[in-house]
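Reader: I would like a close look at one part of this model, the place where the two chains meet. Please carry on from there into the side-chain pairs and the backbone.

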Amino acid sequence: MKITKQDLKNISLLSKIKIDEDTSSSLIKDLESILTMVNKMDELDTSKINPLTHPIENTQTLREDIEKKDIEREKLQKLSKEKDSGFYLTPKVIE
Amino acid sequence: MSELINLSLTDQILGLTNKSFSSKEITEAYLNEIKKKKSLNCFISIFEEEAKKKALLADVNIAKNDARPLEGIPIAHKDIFCIKDKKTTCGSKMLSDFISPYSSEVFSKLDNAGAITIGKTNMDEFAMGSSNETSFYGNVLNPINEKLSPGGSSGGSAAAVRANLCSFATATDTGGSIRQPASFCGVTGIKPTYGRVSRWGMIAFASSLDQAGIIAKNAKDAAIALKYMSGYDQKDSTSLNEEVKDFQKEVDADQEHVIGIPKELIENIKNDQVRDSFRNAISILEKDGVKIEEINLPHIEYSLPAYYVIAPAECSANLARYDGIRFGHRSESISSLEDLYVNSRTEGFGREVKNRIFIGTFCLSAGYYDAFYNKALKIRNLIKSDFDEAFKKVSSIAMPTCSDSSFELGSISDPVEMYEQDIYTIPANLAGLPALSVPSGKADDMPIGLQLIGNYLDEGRILNLANKFQKLSDFHEFK
């Protein structure tokens, strides 16, 4: 499977990770080698098989909808490098 | 008191109960050994003072005959498990200054059972790797031969147990990350049924595959630890609300076993030493009355390709949370919101993590979703059906843990060659089945493992079989 420079651009845009020009050829090599291995899947006809998203068939369990105060905003926000008055700070989005 | 560090968990519990030695003595012995073997790079954090204080408290409880089941026994946790007010890095620059505001359920359960956390072990970045070389904190060395890899991603935990830096350590397994390092380091490691152990507070890689487990010196010790880690947790919506059997009792019970051998897979093992050692292990069990049946797992060879779509797809979604805003690395060179996202992620993630995010992003993108992700999920169904069919006639399935013994650090640069390390371990993750690795011989003078896969919620049975094997052999003894 071939990965083009345009594919790399799209992947970079979607994943929000920069791909440097000087590493792009080795990255293309890695990705192509992984996708070639993955393409072995095409040997199987799976047209009549249902996808299995999860190994265990149980429905997800729900807990009682009871208010808990175990999340402290201040404590969680301590983890952020930029915050003010309970808000997370980012560079300006709207001029 | 250096002999205390050589003891198994079972013997440490016994010795503490009999007051043959104290928790203070074991804890200090391990802390000294950790300092002596610092160059192995097994630990990312060590909690020396706190561990010593807890040991004194444990000794008080023991003196009052008020000891909890694991009272005073030092444990190491893989640095993927959050511990409140402690650094939890997941082996990544992204989380190198992340102090967790809460504790994982795995830590809480073992802490409540009385275990003393001596430190947090090194690992491949975000548990993505099979050699421990992707860690931001540098690779771990294999204690048996320091030129070789301890395996990954739980290489720090496996090497720590092997080097007698703790008698047991927590670990996680998404595609083999408990079993492969256990095989490489000659220790015992179990990944229980998906949902058996809570994932709450365990940093996510691929949520439908990730499962916590344990690395220990033998099956008996693993059974004890697993007993205190397992159980339903309301905080994890995929946690199984099923009774946890007493693995500690089950490991020693008189049980009948029928082992399924996937004939074709065994015939295709390339490494002669691995194939011979596997056959030898099976014949040891057969001589002891264990029944052997041939089985077919016709789609097992498609596990690796399916996994390398599903795991990266889930990883790309899970790791989208690292945005540089709320927690984790935040770039300093930013002039826009886009810069903040892109530069924080580009600087914070290492090469292997980026590769997997890229693959996952690609496979989930418009035009490729059906051909890759949906196709892989269908194959996952076929693999699960193969196992369901096999378990109609056998009680467990055996195959090697890995195709080879450990390799030299730095010797594998091709990502696919590295991924092939997990060729025998991935199927159990795709199906959500419990699986373990026990030492079963050597190849190129390094340990190799026998893998036993059990039916859903049947951890006790494979632990029982592993214990039976360890009673009949001495491959698990550190020599």
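Author: What follows starts at the contact between the chains and then moves to salt bridges, aromatic rings and backbone angles. The model is a predicted one.

The contact draws on 52 residues of chain A and 74 residues of chain B. About 5600 Å² is buried between chain A and chain B, and carbon and sulfur atoms give 68% of that area. On the chain A side, the residues that lose the most area to chain B are Lys16(A), Met41(A) and Leu52(A), which together make up 12% of what that side buries.

Polar groups also meet here. Across the interface of chain A and chain B there are 22 residue pairs in polar contact, with both residues at pLDDT 80 or more. Three helices of chain A, α1 (5–15), α2 (21–38) and α3 (73–77), each supply at least two residues of the side that touches chain B. The largest share of that side comes from α2(A), with nine residues. By residue class, the side of chain A that touches chain B divides into 25 nonpolar, 14 polar and 13 charged residues.

Charged pairs come next. Between chain A and chain B the count is five salt bridges, while the structure holds 35 salt bridges over all chains. One that joins the two chains is formed by Asp85(B) and Lys75(A), whose closest N and O atoms are 3.4 Å apart. This pair runs from the loop between β2 and α4 of chain B, where Asp85(B) sits, to helix α3 of chain A, which holds Lys75(A). Asp85(B) has a relative accessible area of 46% and is therefore partly exposed. Lys75(A), at 25%, is partly exposed as well. Charged residues of both chains also appear in a network of salt bridges that links Lys40(A), Glu43(A) and Glu301(B).

Other salt bridges lie within chain B. Arg326(B) and Asp323(B) meet through their side chains, with 3.2 Å from N to O. Arg326(B) is partly exposed, with a relative accessibility of 32%, whereas Asp323(B) is buried at 13%. A salt bridge also joins Lys479(B) to Asp474(B), at 2.9 Å from N to O. There Lys479(B) is exposed, with a relative accessible area of 73%, and Asp474(B) is partly exposed at 35%.

Now the rings. Over all chains the count comes to 15 aromatic pairs. One of them is formed by Phe98(B) and Phe327(B), a tilted pair with 5.6 Å from centre to centre and 45 degrees between the planes. These two rings link distant parts of the chain, 229 residues apart: Phe98(B) lies in the loop between β2 (74–78) and α4 (105–112) of chain B, and Phe327(B) in the loop between α11 (303–318) and α12 (337–348) of chain B. Phe98(B) has a relative accessible area of 8%, so this residue counts as buried. A further tilted pair is that of Phe362(B) and Phe372(B), because their ring centres are 5.9 Å apart and their planes stand at 55 degrees. Phe362(B) belongs to helix α13 (residues 351–364) of chain B and Phe372(B) to helix α14 (residues 370–390) of chain B, 10 residues apart. Both Phe362(B) and Phe372(B) are buried.

Phe98(B) and Phe327(B) also belong to one aromatic cluster, together with Phe126(B), Tyr322(B) and Phe349(B).

That cluster leads to the backbone, since its member Phe126(B) has a phi near 50 degrees, a positive value in a residue other than glycine. Most residues other than glycine have a negative phi, and most peptide bonds are trans. Phe126(B) is found in the loop between β3 and α5 of chain B and is buried, at 1% relative accessibility. Ala127(B) has a positive phi too, near 65 degrees. Ala127(B) has its place in the loop between β3 and α5 of chain B, and with a relative accessible area of 4% this residue is buried. A cis peptide bond joins Gly152(B) to Ser153(B), with omega near 5 degrees. Ser153(B) is found in the loop between β3 (116–121) and α5 (155–162) of chain B.

Key:
Residues numbered from 1 in each chain as written. Chains lettered and ligands numbered in written order. Predicted model: local features only at pLDDT ≥ 70, side-chain atom pairs only at ≥ 80, totals over all residues. Heavy atoms only, no water. Contact = heavy atoms within 4.5 Å. Buried area = accessible area lost by both parts, 1.4 Å probe. Salt bridge = Lys/Arg side-chain N within 4 Å of Asp/Glu carboxyl O. Polar contact = N/O pair within 3.5 Å; in protein donor to acceptor, adjacent residues only side chain to side chain. Helix = DSSP H or I, 4+ residues; strand = E, 2+ residues; numbered from the N terminus. Nonpolar A, V, L, I, M, F, W, Y, C, P; charged D, E, K, R; others polar. Phe/Tyr/Trp six-rings, centres within 6.5 Å; stacked < 30°, edge-to-face > 60°. Buried < 20%, exposed > 50% of the residue type's maximum accessible area, 1.4 Å probe, protein only.
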